[in-house]
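Subject: Structure handover

Hello,

Here is the structure for you to look through. Please open it first, then read my notes below.

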Amino acid sequence: MANTVKAKKKPAALDSKKARAGWFFVIPFVVGMIAIYLPIIADSLTLSFQKITILPGGGYSTEWVGLENYQNALFTDPNFVRILTESLKQLILDVPAIVIFALFMSIVLNQKMLGRAVFRAIFFVPVIISTGIIDSLGSSNAMEAYMSSGSIDTGAQGNAGNEILSAIDIQKLFGNMVVGTELVQYVVGLVNSIFNIVNRSGVQMLVFLAGLQSINPSIYESCKMEGATPWETFWKITFPMISPMILVNAIYTVIDSFTSQSNQVMTYINEIYLTASGGRVLSTAMSWVYFILVIALLGLVAFLLSFFVFYQRKD
């Protein structure tokens, strides 16, 4: 009996040892967060409730104004709420498309085929190009500008997205079907932003590939022996097993969309910050409104997807 009790205590001791090792790697971030970022965050929050006055002899003074900056951001500024709403609508369009596309491509690239590593590298190339100094060097590249915006200023009207739509004519395709205009607009939007979807799916593909390769092959062999179809295997085995990765990728995509350099809200907040009168405090209030919206949206996404997430127990 004593041996049985000791045998049951060993896994708990091993788990606690792994937990301590995890904290060892997290400590540098925690120390940096407390020592560097928390004071900056506190100063930013305090500044959003104040008004800055430039003194004639140099320097500045601050005055507590309460929620005045937030009221100006939400009700006085004519563009902030509009840009914030448009950005949120675009996010609702992009996140499902990026996650679904990344899942589909990762399943395809996980199959045994010739040149699989090359195809994986090709899909990850946009992630490398769109980061760091390479992004800065490529900002003046005409071909990248064409691929990103869909058009080059040649005097001709239209863009690449409209050319795609005119070629496959999605609206005519749905014309004889009893579907709502919202579905047509959604599909049209996906086709027009296909480059953006592919360009932002590289990291998500890697996460999905890691999840797919962690599934025990014997499970698929058992399904095949039982006569399960590939469709049934996907929904009964693959989808539940990688559901935690779907949650991770959805949260990552939301954060990546809200923090990208091309984000309209961040661009507008930066423009307000550079204005002469009251721009710093107003942009700070806008940033906190934006931050609260992002946190609320992440909580909503995590809450909704948590009902479909399956965690495999090791014991």
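A contact here means heavy atoms within 4.5 Å. Take the contacts between residues at least 6 apart in sequence: 63% of them join residues at least 24 apart. Please keep in mind that this is a predicted model.

First, the overall picture. The chain has 315 residues, and 29% of them are buried. It contains 16 helices and two strands. About 21,500 Å² of the chain is exposed, with 67% of that supplied by carbon and sulfur atoms.

Next, the strands. E1 covers residues 50-54 and E2 covers residues 60-64. They pair in the antiparallel sense, over five bridges. Ile52 stands opposite Thr62 in E2. Five residues sit between the strands of this hairpin, and Gly58 takes a positive phi near 110° there.

Now helix H1, which runs over residues 2-47 and includes Ile41. Ile41 helps make a nonpolar surface patch of about 590 Å². Its partners in the patch are Ile34, Ile36, Tyr37, Leu38 and Ile40. Ile41 has 36% relative accessibility, so it counts as partly exposed. Patch residues need over 30% relative accessible area.

How many salt bridges does the structure hold? It holds one. Side chains of opposite charge can pair when their charged atoms come close. Here Glu86 pairs with Arg82, and the closest N and O atoms are 3.5 Å apart. Both residues lie in helix H3 (residues 80-109). They are four residues apart, about one turn of the helix. Glu86 is partly exposed, with a relative accessible area of 38%. Arg82 is partly exposed too, at 41% relative accessibility.

Last, the aromatic rings. The structure holds 10 aromatic pairs. One of them joins Trp231 and Trp235, 5.7 Å centre to centre. Their planes are 70° apart, which means the pair counts as edge-to-face, since the cut-off is over 60 degrees. Both residues lie in helix H13 (residues 230-241), four residues apart, or about one turn. Trp231 is exposed, with a relative accessible area of 62%. Trp235 is partly exposed, at 41% relative accessibility.

Phe303 and Phe307 form another edge-to-face pair, with 5.0 Å between centres and 85° between planes. Phe307 counts as exposed, at 58% relative accessibility.

Finally, go back to the two Trp residues. Trp231 and Trp235 belong to one aromatic cluster with Phe234 and Phe239.

Best wishes

Methods: Residues numbered from 1 in each chain as written. Predicted model: local features only at pLDDT ≥ 70, side-chain atom pairs only at ≥ 80, totals over all residues. Heavy atoms only, no water. Patch = residues over 30% accessible without salt bridge, like charges linked within 9 Å, V, L, I, M, F, W, Y side chains within 5 Å. Areas by Shrake-Rupley, 256 points an atom, 1.4 Å probe, with all protein chains shown as cover. Salt bridge = Lys/Arg side-chain N within 4 Å of Asp/Glu carboxyl O. Buried < 20%, exposed > 50% of the residue type's maximum accessible area, 1.4 Å probe, protein only. Pairing = 2+ DSSP bridges. Phe/Tyr/Trp six-rings, centres within 6.5 Å; stacked < 30°, edge-to-face > 60°.
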